[in-house]
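Ready for some practice in reading a protein model? Work through each exercise with the structure open beside you, then compare your steps with the solution.

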Amino acid sequence: MPDLASRLNTLTAVRDVFIGREREISRLTAAARQVAEAGDGPRVCVVHGMGGVGKSELLRQVAARVAPLFDAAHFEIDLAGFTPRREPRDPDQVIIEHLQLIGFRPAEIPQDPAGRVEAWRSWLSGRRALLLLDNARDAHQLRPLLPGLKSNSLVLISSRDALGDIDADVRLGAVGLSRTESITLLQQVGDDARAGAEPGELAEIAARCHGIPVALRPVGVLLRDMPASEVLTSMRRDNPLAHVLDGYEAVRLAFTTSYNALPDTLRTLLWHCAWNPAEHFGRDSIAAMAGGPGVGIGLTQLLQRNMLLADGERLSFHDLFRRHASAVAQPRAVAVRGEARERLYGYLADRLHAASVGVYGVDVYGDESVDGPEFTDPGAARAWLDHRTGELRAAVPAALDEGWEGAGLLALRLARWLRLSGLAEQARTVSTALLEASEATGDRLRQIDALVGVAHTYRVRYDYDRARDLFRKALDLTEATGDRARRAAVLTGIADVHHMRHDHDRARDLYREALTLAETIDDRYRRAEALTGIADTHRMQDEYDRAGGLFREALDLAEAIGDRTRQVVALTGIAHSHFMRDDYDGSRAFFRKALGLAEALGDRPHQGSSLTGIAHTFRMEGDDEQARGFFREALGLAEALGDRLRQTVALIGIAHTYRVRGDDERARDFFRAALDLAEAIDNRYQQAEALTGIAHSHRVRGEYGQAGDLYRRALDLADDIGDRYRRAEALTGIAHTFRTEGDDERARGFFREALALAEAIGDRTQLLDVLTGIGLVCQRTGDADQARAYYQRALSLSQAGGAALTAADIRDRLRHLEDG
C-alpha cells in the first residue's frame with residue numbers, strides 16, 4: 001500500500017512542453033500566495049473554456065509551481081463532468097475515496113452523505129491543502145467538495161461551464177493560444193525536426209488548429225516525420241484535423257458530450273445559432289430567429305457551457321465546433337429552418353433600413369418609413385452597422401439564394417453602406433451577388449441597381465473602363481424599362497467617370513441631363529447629386545464663383561431632405577471655393593463641418609478629403625507643423641482604405657511642407673512616391689503637381705536641365721487636361737529655371753504667360769510667385785521702375801497673409817532695389 005505522503009499527492013505530472021498563459025499563471029499563483037500567507041480562509045479559482053483549450057494543463061502548471069506552499073495534501077480529482085461515454089462523478093463517492101486516502105478507516109466514515117461532507121471539511125479545517133478539481137460539470141457537483149471557511153486551502157477548478165453559481169475569488173476564461181504561441185508549441189512538440197519549414201506554412205498550420213493545444217500537439221508530433229507542406233495538404237481538405245485522430249476526436253467528442261448534456265430547449269436554441277449563416281451573430285438576431293420567451297437566458301446558459309463564444313453582444317461558435325453544430329442542426333425539419341431564416345432576414349432588413357436612415361438621414365431607395373424602433377442618434381446607428389456588417393454580408397447571399405422577397409433591398413442597402421465606408425471590394429461582392437440573382441430571375445430593375453453598384457466600386461478604385469462599360473449596360477436597361485429615376489442615377493455615374501478622367505465638359509453635359517430628369521420626376525436626392533457634380537466640374541476648371549453657388553444650392557437641397565451624405569460633398573465643395581479665393585479661415589470652417597459630419601456617418605473617404613483640406617489651409621498660412629499632422633492623419637486613413645488617390649494627395653501635401661522648410665531631399669522623396677501612385681491610377685492632375693515638386697527640388701540643387709525637363713512634362717499634362725492652375729505652376733517653374741541660369745528674356749516670357757493665367761484664375765499664391773520672379777528679372781536687367789511696380793503689387797497681395805512669401809520678404813527686396 002502506498003505510504004501516506006504519496007497517497008496525499010495525486011497531482012498529474014505536467015507536460016515537458018508548455019507555452020504561453022503567463023497572465024493566467026500570474027493571477028492564479030498570486031491567489032495561492034495570498035491564501036498561504038494570509039491564512040484567512042480558502043481561495044477558489046475557476047478556469048472555464050471549451051474542451052481541448054488547455055484548462056487542465058494550465059491548472060497543473062500552476063499546481064506544480066505552488067505545491068510547496070500547501071503541506072497538507074495535493075489532490076487532483078477528475079470529476080468527468082464532460083467526459084465522453086462517462087457519467088459525471090458523484091461528489092459523495094469522491095468524498096468517500098478521499099476520506100480513505102487521508103486515513104479514515106471504513107468504520108470511521110459517516111454513513112450519511114451530509115456527515116461525510118462534514119468529515120471532509122473538518123479534516124481540511126486549519127490545513128493548507130491544494131485541490132485541483134478538473135472537468136467539473138456544475139455547481140451541484142462541486143459544492144460538497146469545497147472546503148469550509150476555516151480551511152487555508154487553494155481550490156483550482158476547470159470546467160466548460162463558467163460556473164456563475166460558484167463564489168470564486170478568481171474566474172478566468174481560457175481561450176486558444178496566440179498565433180505565435182501556437183507556432184512555438186508546434187516547433188517544440190516536433191523537437192524542431194521541421195525547423196526548416198517555411199514560416200508561412202507553420203503559420204497556416206497554427207491557424208487551422210485555432211490555438212487549441214489538443215489539436216496542436218498531435219499535429220506537432222506529425223511534423224517530426226512529415227514535411228509541413230504535406231501536413232498542410234491534408235489539413236486543407238474538407239475535414240480539418242481529420243488526419244489526426246486524437247485531435248479530431250477530442251474536438252468532436254468535446255462537442256458531442258456537451259451537446260448531449262443539454263436540455264431540449266437549449267439544443268433547439270443551439271440549432272437556431274447554427275442556422276444563422278454568419279460566423280458572428282447578434283443575440284437579438286437569434287431572438288428574432290427563435291421567437292418566444294427565454295432566448296436571452298438560454299444564450300447565457302450556452303455561453304456558460306462554452307458551447308458559444310461571446311465578443312460583446314456578438315456570439316459565435318468556436319470554428320471547430322461550428323461544423324459539429326451544423327451537423328446536429330441539419331437533419332431538423334426543413335420548414336422550421338426556413339421559417340427561422342426568413343425571420344432573421346426580415347429582422348436584419350428592418351434594422352439595416354432603420355440604421356441607414358439613422359446614419360444618412362434619407363433612404364435613397366425611396367422608402368422613408370421604418371419598421372420597428374428608429375435610430376435617433378447617427379452614432380448608435382453606425383455602431384450597429386459596424387458590429388453587424390459581417391452578419392449582414394453572410395445573410396445577403398443566403399437570402400438571395402433562398403429567393404427571399406426582400407433580398408434585393410437588403411443587398412442594395414448593405415452595398416451602399418460598405419461603399420461609403422470605403423470597403424469597395426466588399427461592396428462589389430454584395431452587388432455582384434445581387435446582379436447574378438437578378439439576372440437569373442429576369443428582374444431588370446434590380447439588374448440596373450446591381451450594375452450601378454458594381455460600377456461605382458470600380459470607379460472608386462480607378463478602373464474607369466470597367467466602370468464605364470457597366471454604367472452603359474445599365475443605361476441600356478433603363479431605356480428598355482423606361483425607369484427615369486434609375487436613368488438619372490446611371491447618367492450621374494457615367495458623368496462621374498468622365499469627370500475623373502478630366503473630361504469636365506462631357507461630364508457636365510451628363511450631369512445636366514441627369515438634373516433635368518430628376519427635376520421632371522421631382523427626385524430631390526438625384527437633383528442634389530447632379531448639382532454637386534456640375535459644381536465640381538466648374539471647380540476643376542477654376543470657375544470658383546459658379547462652383548460655390550451650385551454647391552450652396554445643393555447644400556440647401558440636401559439639408560431640406562435630410563441627406564447627410566450629400567451635405568458632406570456640398571460642404572467640401574464650398575470649402576474648396578473659399579480656399580481658392582484665399583479665404584483660409586472660411587475654408588477651414590467648412591472643411592471642419594464636413595469632417596464632423598463624415599465622422600458621424602462613418603464616411604472614411606470624405607473624412608480623408610476633409611482632413612487634407614484642413615491641412616492645406618494651414619499650409620497656405622505657413623503653419624507647416626499643423627499641416628503635416630493633418631496630412632499624415634489623412635494618409636493613414638487613405639492607406640487603411642487602400643485609396644490611392646487620397647494617398648497621392650496627402651503625400652504631395654506632406655512634400656510641400658518639407659519643401660517650404662528647405663528640406664528638399666525629403667520633399668523629393670514624398671513627391672516621387674506620390675508620382676508613382678498617380679501614374680498607377682492615371683491621375684494626371686496629381687502627376688503634374690508631383691512632377692512640378694520634383695522639378696523644384698532639382699532646380700534648388702542647380703540641376704537646371706533635369707528641372708526644366710520635369711517642368712515641361714508637367715506642363716504637357718496640364719495642357720492635356722485643361723488644368724490652368726497646374727499650367728501656371730509649371731510655367732512659373734520653367735521661368736525660374738531660365739532666371740537662375742541667367743536667361744532673363746526667356747524667363748520674362750514664361751513669367752508673363754504664367755502671370756496672365758494666374759490673374760485669370762485668381763490664384764493669389766501663384767501671382768505672388770510670378771510677380772516676385774518678374775521683379776527679380778527686371779531688377780537684374782536694370783529696369784528698376786518695372787521691378788518696383790511688380791514688387792509693390794506683390795506686397796499688396798502678401799499683406800492679406802497666408803502666402804509663402806511674406807510682406808517682410810518683399811519689403812526687403814524693395815529696400816535692396818532702392819539701395820541700388
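**Exercise 1.** Decide whether alanine 615 counts as buried or exposed.

*Solution.* Alanine 615 has a relative accessibility of 0%, so it counts as buried; the cut-offs are under 20% relative accessible area for buried, over 50% for exposed and partly exposed in between, with a 1.4 Å probe and protein chains only. This is a predicted model, where local features need pLDDT of at least 70, side-chain atom pairs count only at pLDDT 80 or more, and totals for chains, interfaces and linings use all residues. Residues are numbered from 1 along each chain as its sequence is written, and side-chain values use heavy atoms, with hydrogens and water left out.

Next, place the residue: alanine 615 lies in helix 28 (residues 604-620). Helices (H or I, at least four residues) and strands (E, at least two) are DSSP runs, numbered from the N terminus. Finally, look for its contacts, meaning heavy atoms within 4.5 Å. Leaving aside residues up to four places away in sequence, alanine 615 touches Ala627, Phe630 and Phe631.

**Exercise 2.** Describe how helix 26 (residues 564-580) packs against helix 28.

*Solution.* Start with the general idea: two packed helices are described by the angle between their axes and the distance between the axes. Here the axes of helix 26 and helix 28 come within 11 Å and cross at roughly 15°. Axes are lines fitted to C-alpha atoms, for helices over the stretch in contact, and angles run from 0 to 180 degrees between N-to-C directions. That makes helix 26 roughly parallel to helix 28, a label for angles under 35 degrees.

Now list the residues that meet: Val568, Val569, Thr572 and Phe579 from helix 26, and His606, Ser610, His616, Thr617 and Met620 from helix 28.

**Exercise 3.** Find the strand order of the open sheet of 5 strands, and work out what surrounds strand 4 (residues 154-159).

*Solution.* The order is 2-3-4-1-5, with parallel pairing; two strands pair if DSSP finds at least two bridges between them. Strand 2 (73-78) and strand 5 (170-173) are at the edges with a single partner strand each, so one side of each has no neighbour in the sheet.

Then turn to strand 4. Strand 3 (residues 129-136) is joined to strand 4 by 5 bridges, and strand 1 (residues 43-48) by 6 bridges. For example, leucine 132 has leucine 156 as its bridge partner, while valine 47 has serine 158.

Last, check the faces. In a regular strand the side chains alternate between the two faces of the sheet. In strand 4, Leu154, Leu156 and Ser158 on one side and Val155, Ile157 and Ser159 on the other are all buried.

Definitions and conventions
Parallel < 35°, antiparallel > 145°, perpendicular 65-115°, else oblique.
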